[in-house]
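Work through these exercises with the coordinates open. Try each task before reading its solution.

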Amino acid sequence: MPVQSVLRRIAAIILVATATLLATGCQRDAGQVPELQGGAPVDTRTGTDEFALEGAGHGRHDGATAIELRFTRPLAAGQAFDERIAVTGADGEVVKGSWVLDDSARVLRFPYVEASRKYRVRLRGALAAADGSTLGSDIERELDTAPVDPAVGFASQGSVLPARDTRGLPVVSVNVPEVDVEFLRVRESEIANFFVSYQRGGRRGGWDLSDSPWQDRVAITRVAEPVYLNRFVLGGAQNERRVSYLPVQNIAELQKPGVYFALMRRVGAYDEEYETAIFFISDLGLHLRAYGEEVFVHAASLKSGDPAGDVQLEVLGRDGSVVVAARTNAAGNARVAYTLDAGHVLVARSGNDVSVLPFNQPALDLSEFAVAGRAQAWFDVFAWSGRDLYRPGETLRISALMRDYDGKAVKPQPLFLALRQPDGKLYLETKLVPGEGGYYEWQQALPPEAPTGRWRVEFRTAPGAKEVVQGLSLRIEEFLPERMRLDLDAPETLAPGEALALAVDAAYLYGAPAAGNRFTARLSLSPALHPVESLPDHHFGDPGLAMPREPRDVVDAKLDAKGRLAEKIALPEEVANPGGPVSVLVAGSVYESGGRPVTRTLARSLWPAPVLVGVRPLFDVKEGAPANGNAGFEVLRSNSAGELAEGTLEVSLVREHRDYHWRRDDSGWAFEFTARHETVETRELAARGNGGTRIDFPVEWGEYRLEVRDPATGLVTRLPFVAGWSWDNQNRGLDARPDKVKLALDKTHYRAGDRLVVTVTPPQPGPGLLLVESDQLLHVQPLEAKPGASYELEVTEAWERHDVYITALVLRGGSALEKVTPARAVGVTHVPMDRGERRIEVSVEAPELAEPEADLPVTVSAPALAGQTAWATISAVDLGIINITRFPVPDAAAHFFAQRRLGVEAHDLYGRVIESFEGESARLRFGGDMALAALPQARGPVRRTGEA
């Protein structure tokens, strides 16, 4: 055998033997735990058997970046965390704020830091756990806060993008460099359907864009078609909340007039919902006022506010048909025979401008104006009773008069009365036949088991009619009439440290004193802002004065043999040295022998000094001072009796600067601000003893307060106010209230033939309209509103009613380049009619005492009706019953001549104008910075596309 062959065989044997040994070793080790290598393990966890800091890092609180500290045991919630934990910035500066303890009491968060920053946290050794243990020694930690979560959304919920000088569609973003946006154009025939389904923008998922019969929503693809898609570069540094403008005004596919729907999502976020926006580009502003079966439309330029004539108006139905059409005249006005329908939209066209006003949006909120009252009707019913409180089993006695809308007699006709139980169920319905003078009378015995609560008496002109002409509320209760009277008295004013000397006098209504009856009293305190009766328009003290929140029990005693009590009530320590006048309210109760109380209240004032500073603003505080002008004030020193005093005062104007920033939560984007206060100017002022001293300060838009310090007392009077009539609110949101125009009439009452002068004070000059309206348009004229401008109007016969109002509409033009958002301001004032000659003075003479079951002689006198036929109703009611509900004497004149509700519903576009923000234009990702061509798939769904 060759040597080579032998060697090969020996090598094979060696390899087999080696493999056998290796296999045997693997079988032996497979069932054993390997030896530990590298030494003993190190446990880095903090032991849980003692109170310690478990971890320090970053977290979030209410969506904001926060420092987060975690502890091994629950913390003592009552300790001052801000004193025991300090936060400093990278340069050692102290970071102000407050720590927030979570529900577990193991986690503290400090949400007053910025994202992606370094901070140092120092914990004092005195920081305590709930069981009393402490850290023992100070601890310091350095940490970095987390970056802000990526987020993007449309910056406005508005839908009107002003066409002149527009910068585009604003988008707010943070840590989102790019977004994909698809634009769809709503078909002309589907505009009404679209606004029924999609009233505003916001975050939407795929389900929100699909058909939903039970929500009356159609799929977006059925009412709109895709016209353009592209990727936009938003830019911005890390954690920077940035506003960028999508240049929709420069994209050819979006130039066709109409309504557009935009869907946006950040690049790479395929599981997120879409951010959506509804918009149309137009210079046409629309304001509509509805009067029953007709509407009044005013069209104006958003750029200038000037009226827009020859504008084509069309009301479209859900089927796309034209319900009614009209054109505005040269003044921009049009009256159209049309009744509002929430399923319709108004479309206005002029050249390339198209504006759309859907009627399913909320009407203008005029609740801040005095426009309340009952609705105007051709006839009216005044119903009354001798009292409004009855027991079950007693007999209801109701009287009523039917008159026209102005209280004049009408042709007699039946009325139908319905009585409803507290649960709304009909108890009975009956027909009332008028007697002499149009007088109706009805009485009904209640069963002993009648349910207690508020019953309702309703009057109708036909049985079962839906509309209630007039109603009367009655209370059916198991009660006992008050049998006692209670009088409380005390000095009108108190000095610091002085007790309230309360004098109590109580007696039974039949004359006997409340001898030995129990009396209790509770004390409440609040800032007294108008403590001088003769100076009701002057503000005293500080509205922010700290007061005890809860009332306190201060008296529990028995009255003497004469039913009297004199008690000195010490005031709480919180008002021992108050910084302003304090209103002291005492609620006292005297108890009958059975324990039933009779309660009365007494209000007095605590004056911290004999003389205080009063400030009267020379503008309506609710409406604000004129912006970019002077805010005027009248300043004086007065005692509690209104007697003025001389003195030298220090007057300061303090401005509140608000640093606004964007915040995003589950409901979308919102504004927040932090406030800084700056003393703008301080002056010295000499208060006079024979009147107030005027002082003026120039103000800009914003929040202010006037501070007047009296060196003689060291006290400061503070008056917060706003400059700008809220024009700086920019009408954010669809439901913004209209800004205000101040209207002032030259008289308190008018009648046909008078000349009425109305003074118009707008937030700033501008064009607009002056309207006189009731449930119909009575007069309209253009106005060029300027501060203090007056307009003279003739009062006609058509005004002789109680629902006539003068309305001023002032328009503010604006553009993105000027950073001014177009807006409108509204002023409304009621025009009262003179009815003084129709009010009759009546006097009643009756004995002071009456015996039970005996006749009561009564004499009624009305000298103005001498020689005429008149009717009177007389009710004799227990004073103890009337006192329970404070039932007032029925007043027919006050009812018939009362102000009626404004019968106008107003809609417009100005609350939905897309605001002007600081920001830069977004750059198109595809097609270059200058090219604005759409992607090839612009008519398809959004999908990720490679770079061009």
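The exercises below concern a predicted model.

**Exercise 1. The whole chain**

Task: State how many helices and strands the chain has, and what share of its residues is buried.

Solution:
- Step 1. Take the secondary structure: six helices and 61 strands.
- Step 2. Take burial. The chain has 948 residues, and 47% of them count as buried.
- Step 3. Turn to the surface. The chain exposes about 47,100 Å², with 49% of it supplied by carbon and sulfur atoms.
- Step 4. Check the contacts with a separation of 6 or more. Residues 24 or more positions apart account for 68% of them.

**Exercise 2. A three-stranded sheet**

Task: Find the order of the strands in the open sheet that holds strand 34. Then say which strands stand at its edges.

Solution:
- Step 1. Read the order: 32-34-38, with antiparallel pairing.
- Step 2. Look for strands with a single partner. Strand 32 (484-489) and strand 38 (564-569) each have one, so each has a side without a neighbour in the sheet.
- Step 3. Add the geometry. From one strand to the next, the twist averages 20 degrees.
- Step 4. Zoom in on one pairing. Strand 32 and strand 34 (residues 500-508) run antiparallel and are joined by six bridges.
- Step 5. Pick out a residue pair. Leu-488 has Val-504 of strand 34 as its bridge partner.

**Exercise 3. A glutamate in a strand**

Task: Decide whether Glu-707 is buried or exposed. Then list which side chains make polar contacts with the side chain of Glu-707.

Solution:
- Step 1. Locate the residue. Glu-707 lies in strand 47 (residues 702-710).
- Step 2. Apply the cut-off. Buried means under 20% relative accessible area. Glu-707 has 16% relative accessibility, so Glu-707 counts as buried.
- Step 3. Find the polar partners. The side chain of Arg-705 makes a polar contact of 2.5 Å with that of Glu-707. The side chain of Arg-718 makes another with Glu-707, at 3.1 Å.
- Step 4. Survey the neighbours, leaving out residues up to four places away in sequence. Glu-707 touches Glu-650, Val-651, Ser-652, Val-654, Val-716, Thr-717 and Arg-718.

**Exercise 4. Confidence**

Task: Give the average pLDDT of the chain. Then say how many contacts beyond four places in sequence the model has for residues 39-47 and for residues 725-736.

Solution:
- Step 1. Start with the average: pLDDT is 85, and 88% of the residues score at least 70.
- Step 2. Take residues 39-47. Their pLDDT stays under 50, and the model has four such contacts for them.
- Step 3. Take residues 725-736. Their pLDDT also stays under 50, and the model has 46 such contacts for them.
- Step 4. Apply caution. Predicted coordinates should not be read in detail where pLDDT is low.

Terms used
Residues are numbered from 1 along each chain as its sequence is written. This is a predicted model: local features need pLDDT of at least 70, side-chain atom pairs count only at pLDDT 80 or more; totals for chains, interfaces and linings use all residues. Side-chain values use heavy atoms; hydrogens and water are left out. Helices (H or I, at least four residues) and strands (E, at least two) are DSSP runs, numbered from the N terminus. Buried means under 20% relative accessible area, exposed over 50%, partly exposed in between (1.4 Å probe, protein chains only). Contact means heavy atoms within 4.5 Å. Accessible areas come from the Shrake-Rupley method with a 1.4 Å probe; for residues, only the protein chains shown count as cover. Two strands pair if DSSP finds at least two bridges between them. Axes are lines fitted to C-alpha atoms, for helices over the stretch in contact, and angles run from 0 to 180 degrees between N-to-C directions. A polar contact is a pair of N or O atoms within 3.5 Å; within protein, one must be able to donate a hydrogen and the other to accept it, and residues adjacent in sequence count only if both atoms are side-chain atoms. pLDDT is the predictor's confidence in each residue, from 0 to 100.
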